[in-house]
Amino acid sequence: MDVQISPILKKKELLITDSNNYRPIALATSYSKIFEHIILSKCDLSPSTGYYQYGYKKGHGTELAVFSLKQTVSHYIKKGSTIFATFLDASKAFDNVLHAKLCNKLLDRGFDAGIVKYLYFWWKHQQFYVKWGNCYSRRFITEKSVRQGGVMSLVLFNVYMDMLGQNLMHLGIGCKMGNIMANCLFYADDICLLSPSVFGLQSMLDVANNYASEHNITFNARRTVCMRFSVGKDSVLPDPDVTLNNNSLSWVDSYKYLGFTICNNIIKFDEAEMCVRARELRIRANMLCSRFREADNNIKQYLFQTYVGSIYCMSEWTPKSESNLNKVKVAYNDCIRLLFKFKRGVSASTFCINNGILSFKELQRKLCFSMFNRIGQSHNLLVNMIKTHMYRNRDSLMNYWYDNLHSVNTSFSMMGEFLLN
């Protein structure tokens, strides 16, 4: 029943004396973790949340959430429509979950009543204490929250917020892909609302705010932002007034959604992200070089594959020109040269082949094929509708996959048949 709370600093550039700049990670006992794993093995909660929830579900993830957002926006822009988006920021969402409401939601989903009683008793009698350096606080009991870092916490939080997604779907307003509503995307407490009209966006914000007030969740209006995706004359119109709990929301030109830089300029949708990844590769390479310069080559290969050998969401880029993609390629090759200490005149591709490291082009094909397979095998309703649109409209992303995979005897029609089947 003992739980140690270890505060983890969120951002080093902010005040380290501000308690809001710390994330309380709960370290429970091994017995409690085993207990949670047993419950999850007996009662799978993942299917009980809607297709709009991408967080901590089998066959989902951040890359699929980013994929759904980008493809929905691109679909509307190609049809000449403007899209308004809001990225909601929930303040300490995991810490404000009401135990009684969560238990009722579990029972509504057919969860075993005996297990719910165990969970309720456990939550009400856990003894928390904070560790700060070598000091320990007195023990205390919480009246709410699911433990950040707990085995079941993320799944339970998804269940707690699932009704909000259902309420938004039942509104029947906002973006659609075919006959599938695409007006909201959830990744745990990261929520994105999408609507082709300001009225629809405001209506969804009102629903979200009402749900939050009923469930002890607070959406931070200062950190919640809006973005408009548009082309032509609509792109120069003044930003409309959108409110959350009577607070006007700010409008931004770019936003980091699930680690991916989203830009409101559809023409430069991925350009900013490529620059970020090129810079990130150089930072990681310098870090590895400073710490492991004299390490054995086998160790360097392992470290390189772990920290540099996978570029986040690279398979979803649709570069308008090769220049920005080449920046990432040059950064990747420079990382190899820096870590393994060979001269610039030596071919990076030859070195990769001789040392069992993926070259940039091989990495590109690997990530594209992996994403291609994940989308083809996905059972998510929205993802299935999007891939149907991609094949029928010969989407630019599918063309990008074809350009990278054609060397393995993949044709456009074969790719489309695989996705649809």
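Is L106 buried or exposed? In this predicted model, L106 is buried, and its relative accessible area is 0%. The residue belongs to helix α3, which spans residues 99-108. Ten residues separate L106 from V116 along the chain, and the C-alpha atoms of the two lie 7.4 Å apart.

The chain as a whole contains 14 helices and 16 strands. Its radius of gyration is 24 Å, which agrees with the value near 22 Å expected for a compact globule of 421 residues. Along the principal axes, the C-alpha atoms occupy a box of roughly 65 × 55 × 45 Å. Of the 421 residues, 51% count as buried. The accessible surface of the chain amounts to about 20800 Å², and carbon and sulfur atoms contribute 53% of that area. Among contacts with a separation of 6 or more, 71% are made by residues 24 or more positions apart.

One open sheet is built from four strands in the order β2-β1-β4-β5, with mixed pairing. Its edges are formed by β2 (22-28) and β5 (135-136), each of which pairs on one side only. Within this sheet, strands β1 (residues 2-9) and β4 (residues 127-132) run parallel and are joined by four bridges. Opposite I5 stands V130 of β4.

The aromatic residues were examined next. With ring centres required to lie within 6.5 Å, the count comes to 16 aromatic pairs. In one of the pairs, the ring centres of F35 and W122 are 5.3 Å apart; the planes meet at 70 degrees, so the arrangement is edge-to-face, the cut-off for this class being over 60 degrees. This pair connects distant parts of the chain, since F35 lies in helix α1 (residues 30-42) and W122 in helix α4 (residues 113-125), 87 residues apart. The two partners can be described by their accessibility. F35 has a relative accessibility of 30% and is therefore partly exposed. W122, with a relative accessible area of 8%, is buried.

Another pair is made by F87 and Y257, whose ring centres are 5.6 Å apart and whose planes are at 45 degrees, so the geometry is tilted. Here too distant parts of the chain are linked: F87 is in strand β3 (residues 83-91) and Y257 in strand β15 (residues 254-257), with their positions 170 residues apart. Both F87 and Y257 are buried. Elsewhere, ring pairs join F304, Y332, F340 and F360 into a cluster.

In soluble globular proteins, nonpolar side chains tend to be buried together. The largest nonpolar core of the model comprises 119 residues. The members that touch the most other members are F67, L164, F219, Y257, Y332 and W401. Y257 thus appears both in this group and in the tilted pair with F87. Leaving aside residues up to four places away in sequence, Y257 touches A65, V66, L69, F87, L185, C192 and I262. Y332 likewise belongs to the group with the most contacts to other core members and is part of the aromatic cluster with F304, F340 and F360.

Methods: Residues numbered from 1 in each chain as written. Predicted model: local features only at pLDDT ≥ 70, side-chain atom pairs only at ≥ 80, totals over all residues. Heavy atoms only, no water. Phe/Tyr/Trp six-rings, centres within 6.5 Å; stacked < 30°, edge-to-face > 60°. Helix = DSSP H or I, 4+ residues; strand = E, 2+ residues; numbered from the N terminus. Buried < 20%, exposed > 50% of the residue type's maximum accessible area, 1.4 Å probe, protein only. Core = buried A, V, L, I, M, F, W, Y, C linked by side-chain atoms within 4.5 Å. Contact = heavy atoms within 4.5 Å. Pairing = 2+ DSSP bridges. Rg over C-alpha atoms; globule rule 2.2 N^0.38 Å. Areas by Shrake-Rupley, 256 points an atom, 1.4 Å probe, with all protein chains shown as cover.
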